[in-house]
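I opened a fresh page for this chain and listed what to look up. My notes follow in the order I made them.

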Amino acid sequence: MTEETTASTFRNRPRVGWIAKGAAFLAGIGADPQDDEELRQKKALLVLLAVLILPVSLVWGSLYLGFGSPVGLVPYVYFAISLGSLVVFARTRSFHFLLVTQLLDILFTTTAGQMLVGGFLPSGGVGLWGILAPLGALVFLEVRQAVRWFGAFLLVFLLLGLAGEVLFSDADLPVGFTSTMLALNIVGAGSIAFTLLAVFARQRNAALMALRIEQEKSEILLLNILPRPIAERLKAATQTIADHFDATSILFADVVDFTPLSQRLPPVEVVGILDQLFSHFDALVERHGLEKVKTIGDCYMAAAGVPNPHPDHARKAALLALDMRDVVATSAVVGRLGLELRIGINSGPVVAGVIGTKRFLYDLWGDAVNTASRMESHGTPGEIQITRETYELLKDEFVCKPRGTILVKGKGRMETWYLVGPRSDDRRTERGIEPEAPAAHHQDGE
């Protein structure tokens with residue numbers, strides 16, 4: 001870095017500091033700690049615009065007075081009203097008072113000056129500054145209110161302009177001065193209007209960006225609660241969502257003896273264990289294309305074939321169950337505590353829908369769901385118990401060991417199988433258990 005560059009940098013630092021301090025000072029005028037972010041920004045913008053116009057009014061008035069025209073007093077009237085409103089605003093912090101005063105001030109003093117000089121052209125288009133009133137209303141108020149301000153501007157601008165043409169004689173001012181003032185008024189009013197709209201557009205874009213971010217968060221949250229197709233339907237319509245699926249497979253997985261263990265462990269550790277385990281299950285559900293339905297305590301429920309039907313729903317459920325069992329078997333935390341997983345699967349028709357108005361739940365109903373739950377509760381720790389309906393769908397691709405006939409609450413005696421693994425997986429096949437004696441029966445609650 002050269003000495004010249006260094007010197008230039010140091011020269012610019014105080015200037016930037018003064019600008020920042022000045023902007024902070026203006027933003028602090030009329031600020032209230034109880035203001036929300038939107039009101040705070042509106043106050044700062046309005047004060048900034050009012051302060052920017054103040055020196056313009058002094059220059060405009062001084063030029064007219066310099067040419068001997070008493071109309072130059074009008075800009076000083078504007079200056080006094082505007083400055084006075086800022087002083088009152090600094091004490092009262094009333095945004096509404098400052099806004100209405102500024103809009104009326106810029107609307108009437110500029111158009112009154114237009115009238116006193118002799119009309120539209122003799123005034124050099126000074127009445128154009130009045131357009132800032134409806135533009136300011138558009139930025140700071142509702143559109144309906146801004147339309148009223150725009151109507152008021154048109155009325156006042158035309159009436160006072162015509163009154164100047166008819167009732168007041170043309171001010172004896174040089175043509176060059178009038179032309180220059182016309183150019184300055186167009187440039188000045190246009191610059192302030194552009195600044196106003198530019199700041200408004202930036203704030204609007206920032207608000208839209210924040211809104212999009214919040215919408216994305218809400219979308220992610222909704223998709224964590226409901227399947228994507230169901231979430232889309234729920235957003236598009238208000239009618240009840242209820243569907244019937246002829247072919248599905250329902251899986252229930254329960255951590256054996258976790259309830260008595262949870263009574264001995266600190267709450268943080270209990271939640272941490274389930275969170276770690278069920279997070280693995282969530283990833284597996286996503287990988288195999290199933291739908292997580294819900295968790296009930298230490299029980300995990302998932303389904304294949306809903307809300308999107310799949311011809312291989314039983315296969316998806318089987319692969320998920322095998323991977324879930326492997327996760328528990330290889331988990332250091334679960335292994336240290338000696339926990340096992342009991343899994344049950346059943347296949348059949350179900351009814352699915354969304355219930356509730358505040359905490360939505362996509363749930364399944366039907367005998368197939370109840371039977372799947374019974375397969376889990378009547379199962380064996382470390383094993384995956386399936387019904388005949390599921391067995392018939394899996395027997396050609398998976399090794400299944402018959403368990404025998406068991407007594408199932410609410411269902412009577414049922415023939416069940418243990419899912420061992422894919423036929424191509426010799427390692428899992430070797431882990432298969434021997435079928436139980438045909439005479440062996442199991443009661444509910446074993």
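Entry 1, Asp257. I asked how accessible this residue is in the predicted model. Asp257 has a relative accessibility of 57%, so I class it as exposed, the cut-off being over 50%. I then placed Asp257 in the chain: it sits in the loop between strand S1 (242–255) and helix H9 (258–262). Its phi is positive, about 60 degrees, and it is not a glycine. I noted the background: most residues other than glycine have a negative phi.

Entry 2, Arg93. I looked up a second non-glycine residue with positive phi. Arg93 has a phi of about 60 degrees. I found Arg93 in the loop between helix H3 (73–92) and H4. Is Arg93 buried, partly exposed or exposed? Its relative accessibility is 38%, so Arg93 counts as partly exposed.

Entry 3, a cis peptide. I went through the omega angles next. The bond joining Val306 and Pro307 is cis, with omega at about -5 degrees. Most peptide bonds are trans. Pro307 belongs to the loop that runs between strand S3 (299–304) and helix H11 (313–330).

Entry 4, Ser249. I moved to strand S1, where Ser249 lies. Its relative accessible area is 0%, so I logged Ser249 as buried. What does its side chain meet? A polar atom of the Ser249 side chain lies 3.4 Å from the backbone nitrogen of Ala314. I also listed the contacts of Ser249, leaving aside neighbours within four places in sequence. They are Ala302, Ala303, Ala304, His313, Ala314, Ala317, Asn346 and Ser347.

Entry 5, a hairpin. I checked the pairing of strand S7 (398–408) with strand S8 (412–422). The two run antiparallel, and I have 10 bridges written down for them. Val408 has Gly412 of S8 as its bridge partner. S7 and S8 make a hairpin with three residues between them. In that turn, Gly410 has a positive phi of about 80 degrees.

Entry 6, the largest pocket. I recorded a volume of about 640 Å³ for it. Its lining holds 24 residues. Which of them lie nearest the centre? I wrote down Leu223, Asn224, Leu226, Glu291 and Lys292. Two or more lining residues come from each of helix H7 (175–225), helix H8 (228–236), helix H10 (267–288) and strand S2 (291–296). S2 gives the most, with five residues. By class, I have 13 nonpolar, five polar and six charged residues in the pocket lining.

Entry 7, the cavity. How many cavities of 30 Å³ or more does a search of the whole structure find? I got one. The largest cavity holds about 150 Å³ of space. I listed 14 lining residues, with Leu46, Leu49, Ile53, Leu103 and Leu132 lying nearest the centre. Helix H2 (37–66), helix H4 (95–117), helix H5 (132–140) and H7 each give two or more residues to this lining. I sorted the cavity lining by class too: 12 residues are nonpolar, two are polar and none is charged.

Entry 8, cross-check. I went back over my lists for H7. This helix appears among the elements giving two or more residues to the pocket lining, and again among those of the cavity lining. I also set the charged residues side by side: six in the pocket lining, none in the cavity lining.

Methods:
Residues numbered from 1 in each chain as written. Predicted model: local features only at pLDDT ≥ 70, side-chain atom pairs only at ≥ 80, totals over all residues. Heavy atoms only, no water. 1 Å grid on protein atoms, 1.4 Å probe; cavity = no way out; pocket = protein on both sides within 12 Å on 5 of 7 lines; lining within 4 Å. Points joined across faces, edges and corners; volume = space filled by probe spheres on them. Nonpolar A, V, L, I, M, F, W, Y, C, P; charged D, E, K, R; others polar. Pairing = 2+ DSSP bridges. Buried < 20%, exposed > 50% of the residue type's maximum accessible area, 1.4 Å probe, protein only. Polar contact = N/O pair within 3.5 Å; in protein donor to acceptor, adjacent residues only side chain to side chain. Contact = heavy atoms within 4.5 Å.
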